[in-house]
Amino acid sequence: MTPESPPDTAEPQSHAAPPRVGVLALQGDVREHVAALRSLGAEVVLVRTPHDLGTVDGLVLPGGESTTIDKLSRIFGLREPIRDRVADGMPVLGTCAGLILLADRIVDGLPDQQTFGGLDVTVQRNAFGSQRDSFEIDLDMPLVCDDPVHAVFIRGPLVTEVGPSATVLGALPDGRVVAIEQDNLIGIAFHPEVAGETRLHRHFLARVAAGDAD
Ligand SMILES: NC(=O)CC[C@H](N)C(=O)O
């Protein structure tokens, strides 16, 4: 731009800033999510404190152990701040343990286990058995992408009840629900992040970008 250029004819900025998203980094497969998000151009923050949370426009709840992440989130003072941001509409992607943490109701949780909630679903922990019963399958997810998604289940949960405001994103061939979306929240029972599968992260980042535009 020359010094004479009038400001009111300036071109709008063509490059939007990359979305700034967090991965809850208390326990679980944080690194795999960070890699998936960075491969899509996102700026990624490891969230361990309420201050970290305040700097991000979206959050990933990783796979791992939901009982441990629940306990640590309380110890680190993150439980209420995360619940507040979820209620405020922050986009969240939860995978496996992350889905459990987003569920309003859980079955087979520990007696004192809490969730952040937000998804109007009931989720059954460890519904497919032990680690040895892990499996992989290609799933159609037409609301997310055209071609099937490669889904890796590791001691995963199952969505056993779907409330009226939640939308099914994916189900096993027998109809059992394994992926859900509701407003700002995406919860999936498997692990795209360990399979080099980035289309669900892309779906999440699109929500973050849409939120930025508001
Ligand atoms: N791979 C996973 O995230 C397993 C979830 C774990 N079974 C739990 O209850 O939290």
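This tour moves from the whole chain to its ligand and then to selected residues.

**The whole chain**

Begin with the entire protein chain, bearing in mind that the model is predicted. Colouring by secondary structure should bring out 6 helices and 12 strands. The radius of gyration is 18 Å, close to the 17 Å that the globule rule gives for 214 residues, so the chain is as compact as a globular protein of that length. Along the principal axes, the C-alpha atoms fill a box of roughly 70 × 40 × 35 Å. Of the 214 residues, 42% are buried. Consider next the contacts between residues at least 6 apart in sequence: 65% of them join residues at least 24 apart.

**The ligand and its shell**

Select the ligand next. Which residues surround the ligand? The shell consists of G63, G64, E65, S66, C96, A97, I100, R125, N126, I154, R155 and G156. By character, these residues divide into 4 nonpolar, 5 polar and 3 charged.

**The annotated binding site**

Now select G64, E65, S66, R125, I154 and R155, to which an unreviewed UniProt entry assigns the feature "binding site". These residues span 92 residues in sequence, yet no two of their C-alpha atoms are more than 13.0 Å apart, so they gather at one spot.

Two of these residues merit a separate visit. Select E65, which is found in the loop between β3 (58–61) and α3 (66–75). E65 has 16 other C-beta atoms within 10 Å and is therefore partly exposed. Beyond residues up to four places away in sequence, E65 touches Q27 and A97; A97 also belongs to the shell around the ligand.

Continue to R125, in the loop between β6 (119–124) and β7 (135–139). Is R125 buried or exposed? R125 counts as buried, because 21 C-beta neighbours lie inside 10 Å and the threshold for burial is 20. If residues up to four places away in sequence are set aside, R125 touches S66, I100, I106, V107, D108, G109 and P157.

**The annotated active site**

Select C96, H191 and E193, which the unreviewed UniProt entry lists under "active site". Although spread over 98 residues of sequence, they cluster in space, with a largest C-alpha distance of 10.7 Å.

Focus on C96, located in the loop between β4 (92–95) and α5 (97–102). C96 has 30 other C-beta atoms within 10 Å and is therefore buried. Where should one look for its contacts outside the four neighbouring places in sequence? C96 is in contact with G63, I154, G156, P157, A189, F190 and H191.

Move to H191, in the loop between β12 (185–188) and α6 (199–213). H191 also counts as buried, because 25 C-beta neighbours lie inside 10 Å. Leaving aside neighbours within four places in sequence, H191 is in contact with G63, T95, C96, V152 and I154. G63 and I154 thus recur: both are listed among the contacts of C96 and among those of H191.

**A final stop in a helix**

Finally, select D84 in helix α4, which comprises residues 79–88. D84 has 13 other C-beta atoms within 10 Å and is therefore partly exposed. To close the tour, display the distance from D84 to A195: the two residues are 111 residues apart in sequence and 31 Å apart in space, C-alpha to C-alpha.

Terms used:
Residues are numbered from 1 along each chain as its sequence is written. This is a predicted model: local features need pLDDT of at least 70, side-chain atom pairs count only at pLDDT 80 or more; totals for chains, interfaces and linings use all residues. A residue is near a molecule or strand if its C-beta atom, placed from the backbone, lies within 6 Å of it. Ala, Val, Leu, Ile, Met, Phe, Trp, Tyr, Cys and Pro count as nonpolar, Asp, Glu, Lys and Arg as charged, and the others, Gly among them, as polar. UniProt positions are given in the numbering used here, feature names are shortened, and annotations may be inferred rather than shown by experiment. Helices (H or I, at least four residues) and strands (E, at least two) are DSSP runs, numbered from the N terminus. A residue is buried if 20 or more other C-beta atoms lie within 10 Å of its own, exposed if 12 or fewer, and partly exposed in between; C-beta atoms are placed from the backbone. Two residues are in contact if their C-beta atoms, placed from the backbone, lie within 7 Å. The radius of gyration is taken over C-alpha atoms; the globule rule is 2.2 Å times the number of residues to the power 0.38.
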